[in-house]
Amino acid sequence: MKLKRAISAPVGLASQAQDNLRFIRETMSRSVQFTAVPGWGMVGIGCSAVLAYLVARQQGATSAQLAVWVAESLLAASLGALAIFRKARREGLLLSHAVSRRFFLNLAPPMVAGGLLTAALWKAGNLQVIPGMWLLLYGTGVFTGGAFSVKPVPMMGLAFAGLGGLALLSAPLFQQEFLLAGFGGFHLIFGTYIARQYGG
Amino acid sequence: MAAKSRARRAAPTEMGGSHRSEPQAGTKPARLNALVHARMRLAILSSLAVTRELSFSELKRHLEASDGNLSLHARKLEEAGYIECEKLFEKRIPKTIYRITAAGRQALDGYLSHMEAIIQATRAGS
């Protein structure tokens with residue numbers, strides 16, 4: 001009996017050590033947040049969305065209006081990437097870190113789906129539902145990616161998804177205004193809050 | 001002989017990252033750092049090791065701890081010099097911020113090395 005206990009003791013100790021290491025790893029990953037979400041960058045994106053709305057309103061055809069927003073999305077993506085890179089560098093955060101990877105991996109699929117659906121709907125001539133779909137999928141991406149970030153980020157995702165739902169239900173009415181409220185208004189409101197509360 | 005034996009016993013304890021406030025420091029060979037080993041304190045140190053700082057409420061949320069339990073263990077780590085605590089007011093609301101110190105990081109590293117050594121020793125023995 002004593003011998004049996006002596007043999008099993010180190011194995012028990014090792015499994016306890018492994019359990020402790022697992023506990024440390026899990027605690028660390030739970031505590032890390034993607035804090036490089038750029039508040040001021042989002043304010044910049046919001047401002048560019050307001051300008052895009054003013055330009056889009058001058059266009060007669062829906063396709064021309066949406067083309068303005070496609071161009072705006074490319075500009076916003078560039079602005080966002082630059083702002084994330086600058087904030088991460090300033091705060092000494094690694095964008096290759098597991099939590100950053102998780103943030104982008106959760107954000108990316110709805111964005112890719114949005115791009116593909118835009119192409120498909122454009123080809124099918126069903127342009128009225130595109131703004132609502134953009135807002136809904138952007139909100140979904142921000143919400144899922146935001147699970148690894150500070151609290152206002154998933155909240156912003158929910159707000160976008162809710163607005164997207166409303167836009168889809170009210171299509172084809174007020175589509176430009178929905179885009180303005182989401183990409184302009186929400187980015188300005190949440191961006192200012194994040195910038196003030198989470199260091200830029 | 002006795003002195004030599006004491007010296008031999010003390011060395012592995014320091015390797016294990018023990019701290020001066022540990023009650024049994026230097027009394028047993030390769031003894032675990034009891035201050036770090038307790039689950040809640042290990043969780044506090046692990047959380048603070050991967051962030052610049054965490055507030056009391058953030059720590060409480062991450063670790064799903066009660067106010068009393070968290071503050072008790074945080075105070076022990078603070079007394080040992082493993083973490084530092086800053087109390088401030090944010091919009092007139094009191095806020096407590098915790099950061100890990102160099103000694104705390106060293107203690108956690110020592111604890112991790114200790115755990116890895118145990119696993120490797122078992123693998124080598126089996």
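**Reading a two-chain model**

Modeller: Let's start with one pair of residues: Ser55(B) sits opposite Ile97(B), which belongs to S3(B). Keep in mind that this is a predicted model.

Colleague: Fine. Which strand does S3(B) join through that end of chain B, and how many bridges hold S1(B) to S3(B)?

Modeller: Strand S1 of chain B covers residues 54-55, and 2 bridges link S1(B) to S3(B), with the two running antiparallel.

Colleague: And how many bridges are there between S2(B) and S3(B)?

Modeller: There are 8, again antiparallel, with S2(B) spanning residues 83-90 and S3(B) spanning residues 93-100. You can trace the pairing by eye. Glu84(B) has Arg99(B) as its bridge partner, and Phe89(B) is partnered by Pro94(B).

Colleague: What happens at the turn of the hairpin made by S2(B) and S3(B)?

Modeller: The strands have 2 residues between them, and Lys91(B) takes a positive phi near 50°.

Colleague: So in what order do the strands of the sheet lie?

Modeller: Read across the sheet, the order is S1-S3-S2 in chain B; the sheet is open, has 3 strands and pairs antiparallel. S1 and S2 of chain B are the edge strands, each pairing on one side only.

Colleague: Let me zoom out. How do I read the overall pattern of chain B along the sequence?

Modeller: Go from one element to the next and you get α-α-α-β-α-α-β-β-α. That comes from 6 helices and 3 strands. Of the 126 residues in chain B, 30% are buried.

Colleague: And how many helices and strands does chain A have?

Modeller: Chain A has 7 helices and 0 strands, giving the pattern α-α-α-α-α-α-α. Of its 200 residues, 38% count as buried.

Colleague: How should I read contacts by sequence separation? What share in each chain comes from residues 24 or more positions apart?

Modeller: Take the contacts with a separation of 6 or more, then ask what part joins residues 24 or more positions apart. In chain A that part is 76%. In chain B it is 47%.

Colleague: Now the inside. Which residues have the most contacts within the largest nonpolar core?

Modeller: Look for Leu135(A), Val142(A), Met156(A) and Phe160(A) in that core of 39 residues. Six helices of chain A each supply at least two of the core residues: H2 (39-57), H3 (62-91), H4 (98-124), H5 (130-146), H6 (152-170) and H7 (175-197). H5(A) gives the most, with 8 residues.

Colleague: Which residues does Leu135(A) touch, if I skip those up to four places away in sequence?

Modeller: Colour these and look around Leu135(A): Phe160(A), Leu163(A), Gly164(A), Ala167(A), Phe178(A) and Gly182(A). Another core, of 25 residues, lies apart from the largest one, and its members include Leu35(B), Ala43(B), Leu54(B) and Leu70(B).

Colleague: H7(A) turned up in that core. What is the general idea for reading which way the residues of a helix face?

Modeller: An α-helix has 3.6 residues a turn, so residues three or four places apart point the same way. With that in mind, go through the buried residues of H7(A): Gln175(A), Phe178(A), Leu179(A), Gly182(A), Phe183(A), Gly184(A), Phe186(A), His187(A), Phe190(A), Gly191(A) and Ile194(A).

Colleague: Where does H7(A) bend, and by about how much?

Modeller: The bend is at Gly185(A) and comes to about 30°. From first C-alpha to last, the 23 residues of H7(A) still reach 32 Å, close to the 33 Å expected at 1.5 Å a residue. Just after the helix, Gly199(A) takes a positive phi of about 70°.

Colleague: Last one, the contact between the chains. How many residues does each chain give?

Modeller: Chain A gives 15 residues and chain B gives 15 residues. On the chain B side, helix H3 (39-49) and helix H6 (102-125) each supply at least two, and H6(B) gives the most, with 6 residues.

Colleague: And how do the chain B residues that touch chain A divide by type?

Modeller: They split into 9 nonpolar, 6 polar and no charged.

Key. Residues numbered from 1 in each chain as written. Chains lettered and ligands numbered in written order. Predicted model: local features only at pLDDT ≥ 70, side-chain atom pairs only at ≥ 80, totals over all residues. Core = buried A, V, L, I, M, F, W, Y, C linked by C-beta atoms within 7 Å. Buried ≥ 20, exposed ≤ 12 C-beta atoms within 10 Å, placed from the backbone. Helix = DSSP H or I, 4+ residues; strand = E, 2+ residues; numbered from the N terminus. Contact = placed C-beta atoms within 7 Å. Expected span 1.5 Å × (residues − 1). Bend = angle between axes of the 7 residues up to and from the residue. Nonpolar A, V, L, I, M, F, W, Y, C, P; charged D, E, K, R; others polar. Pairing = 2+ DSSP bridges.
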